[in-house]
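Visitor: Could you take me through a close look at one helix packing here? I'd like the geometry and the residues that make it.

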Amino acid sequence: MHHRRLFLVSLEANEPWPKPDDTCQMVVLTEEDGAVSFDFEESVSSKRSLEILQSIVSQEDPELLQRYLQRSPFSLDGLLVMAEHHRRQGGYDQARELIRRAVYTVECALAADFSPFEGLGVGVSHARPRVRLHMQKSLEWPGWSWLRAMWMHMHCLAGQGMHRTALEVCKLLIAATLPQDPLRALLWLDHFCLRSRQCKLIGDLSVSLAETCGQACNGLNYLEFAFPNFAYSVALAGILQKSPDMSLLNHVTLEQILSTDVSDLEGDLLTLVRLMRALLYFPGGVRPLLEEAGYAHRHVVDFLPFAV
């Protein structure tokens with residue numbers, strides 16, 4: 001039996017991985033609003049291991065790095081550096097295994113109070129999962145390695161076609177870092193929702209995350225008013241759920257398109273209003289979307305008055 005409950009990585013029967021002993025540890029802090037947040041502290045052993053790794057990386061010798069990982073198989077930064085090396089060499093399977101081990105290292109270092117399954121319980125964001133990080137701008141902050149491991153894990157999952165799981169990791173990253181979102185995970189959230197057919201979730205997140213994003217949304221009630229990816233994705237999500245009656249376009253008014261409150265709209269009309277809003281607010285998104293879809297008739301795009 002493992003020393004803690006794992007939810008990010010499931011070990012196989014032939015993987016009796018021990019608890020890593022040379023990684024930084026997560027510590028619990030209390031913010032001004034009374035809610036807990038989490039930070040990272042280097043231990044004596046993890047700091048010494050990191051210094052050795054930095055010396056090895058400066059020599060740019062993969063064999064030295066390989067030998068280092070044989071001695072320290074759960075060095076988070078070492079695993080991430082080697083994973084990136086394999087990825088650039090086209091060794092995606094090797095990179096994926098190293099990232100999986102890195103995520104295991106991350107999970108073993110989580111504080112007991114860290115939980116994406118429970119809310120903060122206090123403050124305005126009382127329902128926010130209890131995963132908020134005490135973000136720092138310093139490049140020396142150990143938390144960057146934690147975030148990088150989760151980011152790479154998310155893309156590995158997506159690369160294997162596991163978009164629903166990648167979505168959950170993306171949500172974890174967003175809950176941990178908002179309102180800063182240094183990884184720009186919001187630019188991937190709607191993509192994973194669509195790929196995993198979580199169409200209703202996109203609209204829900206557009207509302208629930210708007211307040212948390214703070215100044216990025218300029219006080220607007222929906223992410224779709226501030227982020228072009230959300231603007232097009234919420235419209236596409238509505239179309240994927242039910243093909244709208246296009247004749248209703250004749251009933252869409254400019255007032256409905258410009259309104260920051262869509263609570264009185266529903267069904268096909270809401271989908272068409274969102275589609276027209278995306279085209280009006282973010283016309284620059286039309287051309288790259290059509291090109292990505294392989295649309296052949298470029299002269300039709302050039303005819304559009306808002307084409308860029």
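Guide: Sure, let's start with handedness: helix 9 passes helix 11 in a left-handed crossing, meaning that the near helix is turned anticlockwise from the far one by less than a right angle (clockwise would be right-handed). Before going on, this is a predicted model, where local features need pLDDT of at least 70, side-chain atom pairs count only at pLDDT 80 or more, and totals for chains, interfaces and linings use all residues. Residues are numbered from 1 along each chain as its sequence is written, and side-chain values use heavy atoms, with hydrogens and water left out.

Helix 9 covers residues 228-241 and helix 11 covers residues 267-281; helices here are DSSP runs of H or I, at least four residues, numbered from the N terminus. They pack at an angle of about 150°, their axes 8 Å apart, with axes being lines fitted to C-alpha atoms over the stretch in contact and angles running from 0 to 180 degrees between N-to-C directions. That makes helix 9 roughly antiparallel to helix 11 (the label goes to angles over 145 degrees).

Who does the touching, with contact meaning heavy atoms within 4.5 Å? From helix 9 come Ala 231, Tyr 232, Val 234, Ala 235, Gly 238 and Ile 239, while helix 11 brings Thr 271, Arg 274, Leu 275, Ala 278 and Leu 279. By class, that contact of helix 9 with helix 11 has eight nonpolar, two polar and one charged (Ala, Val, Leu, Ile, Met, Phe, Trp, Tyr, Cys and Pro count as nonpolar, Asp, Glu, Lys and Arg as charged, and the others, Gly among them, as polar).

Helix 3 also passes helix 4 in a left-handed crossing.

Conventions. Helix = DSSP H or I, 4+ residues; strand = E, 2+ residues; numbered from the N terminus. Parallel < 35°, antiparallel > 145°, perpendicular 65-115°, else oblique. Contact = heavy atoms within 4.5 Å.
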